[in-house]
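Take a look at this structure with a few short questions in mind. Each answer works towards one value or name.

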Amino acid sequence: MTHTHDDQRIGLFWRGAMVEANNDDEAVRYQNALFISRAASGCCDRLHEPLRTLLPWDLQRRQFAPRRRLHQEEMKQTEALLAGEMSKLSIEEMSKAQDDVHCIGQTIIETPELIHRALVEFGEEARAQSNTVYKVALQQNRKYVEGEAFRLKFLRCNLFEIKSSVSQMMKFLQYKAKYFGIDKLGSDIMLSDLTNEDRDLLQSGFFHVQQCKDRSGRNVVWFFNGFLGMWKKDVMIRAHYFLNFNILTSDPELQKRGNVLVYYDTAQPGNNAMHRLKMSEQIEILDFTASVPCRYSGFHVCLKTGKDTLALNNAVVACATRIIPRYTRVRTRLHYGSDMELQYKLQDHGISLKTCPVDENGVVLQDVAKIWYEKSVLNGVFNGYSSASDKGSDSSSDNGSSMTKVAPSDCFLGVRRNDVLLGRGTVVQFRPGNICFRNFLNEHYDAYDTASRVTKGRIVAELSQTLKSKGVRFLKAGKDKKWVECDDREVEETIARRFRSARKEKRRK
């Protein structure tokens with residue numbers, strides 16, 4: 001018999017039973033169970049009861065009852081909370097939540113009118129909710145704090161609900177002042193602003209951004225509880241900031257689609273490191289994470305069913321499900337089983353196992369878990385750009401610039417690998433940063449080319465801020481032959497010029 005993935009997963013539950021009762025009657029029972037599995041859309045958790053009725057009584061008691069009892073006792077409060085939240089949803093809301101969890105949800109549909117109206121209302125609400133930290137941020141850099149790119153992150157995170165978006169921004173600025181200093185309110189946080197401990201955490205494998213996106217094109221972020229308690233609260237908060245704000249929301253499309261979070265149980269029973277953080281510290285970390293404008297449209301909690309493992313995770317999971325936004329809470333699913341079972345369940349929800357950072361025995365593959373940091377932060381896989389702290393001697397340029405030629409001799413001192421140089425000539429044109437810059441704009445060319453004139457200006461401004469948040473600088477040659485950083489207007493003009501050049505190239509083809 002050839003089994004589908006669902007059939008194989010049901011086979012995992014039936015394997016012990018078939019060993020003891022391998023006859024024609026049991027084969028019929030097995031086929032009936034597979035039929036039930038297909039009718040239930042392959043959801044193993046919902047299959048426990050139907051399958052249990054098909055097993056002999058002694059096998060029912062031995063194989064299924066302990067697992068069900070353990071789930072009900074250890075995770076009862078969390079499951080009741082999630083079930084209660086789902087019961088409050090309308091039919092339409094419940095359908096949308098289910099679609100998002102199973103990777104068939106729709107992205108946000110935006111129009112220029114919606115964005116303009118939302119930004120106007122956002123400004124009015126921000127003045128109404130204004131506080132001391134917000135006023136300081138405005139004094140430091142009004143253009144940044146009132147910029148479309150910054151505010152649209154909060155609007156998209158809250159599906160354009162104005163009051164929630166502004167409240168989130170106010171809390172975000174308060175946390176930013178607390179953990180990075182009040183002088184950083186009017187600018188983005190770069191890798192160079194993080195401490196060595198912060199960077200060590202990002203490279204430790206505690207977080208992992210999977211190389212393959214899910215079926216909806218969303219980033220899949222893995223979080224391994226085995227690392228909990230190894231880092232101080234301040235370090236975890238700063239690392240969370242950089243991951244969520246600088247990487248997961250670095251692009252407008254990522255903001256519209258949202259992200260998927262996988263909490264994966266890798267902690268060993270008897271490991272007390274998870275509880276080194278006080279409950280008040282755990283709550284503050286979660287509260288801070290909720291203030292960052294990064295929307296999670298799916299949250300999968302993968303828990304082992306071995307002895308004491310659920311008890312180990314219960315407090316952390318219960319705390320998280322209470323503090324995360326309601327939007328994410330109703331899109332949370334609890335999965336139980338062995339590592340193989342958990343990974344098949346994630347696959348059923350549109351998450352690829354090809355680049356899964358955990359093997360079938362629950363071992364975190366460190367070479368896979370760390371690769372996202374090397375690619376997204378150091379080598380720039382996320383839209384082709386590396387971090388601001390990359391201080392290599394390489395640099396780059398834009399061949400659409402109206403500047404004069406730049407001599408290749410004395411020129412690249414103090415220039416970073418991902419900087420964009422304005423100038424002419426192949427020496428500048430084929431620098432790594434300029435190549436990445438052109439590739440980055442090519443990804444957004446279709447959206448820009450079909451947009452209205454007003455929308456084109458907004459797209460250019462958003463892309464300018466996105467590049468800035470990645471630490472990309474635009475440099476031009478000064479009178480003393482030293483590189484001088486361009487202002488925002490010059491950057492936007494360079495982006496628009498490059499789009500026009502790309503249009504001409506396409507027409508010639």
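Q: Which backbone oxygen does the side chain of Asn 246 reach?
A: This is a predicted model, where local features need pLDDT of at least 70, side-chain atom pairs count only at pLDDT 80 or more, and totals for chains, interfaces and linings use all residues. Residues are numbered from 1 along each chain as its sequence is written, and side-chain values use heavy atoms, without hydrogens and water. The side chain of Asn 246 comes to 2.6 Å from the backbone oxygen of Ile 189.

Q: Is Asn 246 buried or exposed?
A: Asn 246 is found in helix H12, residues 233-247. Buried means under 20% relative accessible area, exposed over 50%, partly exposed in between (1.4 Å probe, protein chains only). Asn 246 has 5% relative accessibility, so it counts as buried.

Q: Which helix gives the largest share of the largest nonpolar core?
A: Such a core is a set of buried Ala, Val, Leu, Ile, Met, Phe, Trp, Tyr and Cys residues joined through side-chain atoms within 4.5 Å. This one has 84 residues, and Met 169, Leu 173, Phe 207, Trp 222 and Tyr 263 touch the most other members. The largest share, 10 residues, comes from helix H10.

Q: Which element of the protein chain has the lowest mean pLDDT?
A: pLDDT is the predictor's confidence in each residue, from 0 to 100. The chain has a mean of 76, with 73% of its residues at 70 or more. Among its elements, H10 has the highest mean, 96. The lowest, 39, belongs to helix H1.

Technical notes
Helix = DSSP H or I, 4+ residues; strand = E, 2+ residues; numbered from the N terminus. Polar contact = N/O pair within 3.5 Å; in protein donor to acceptor, adjacent residues only side chain to side chain.
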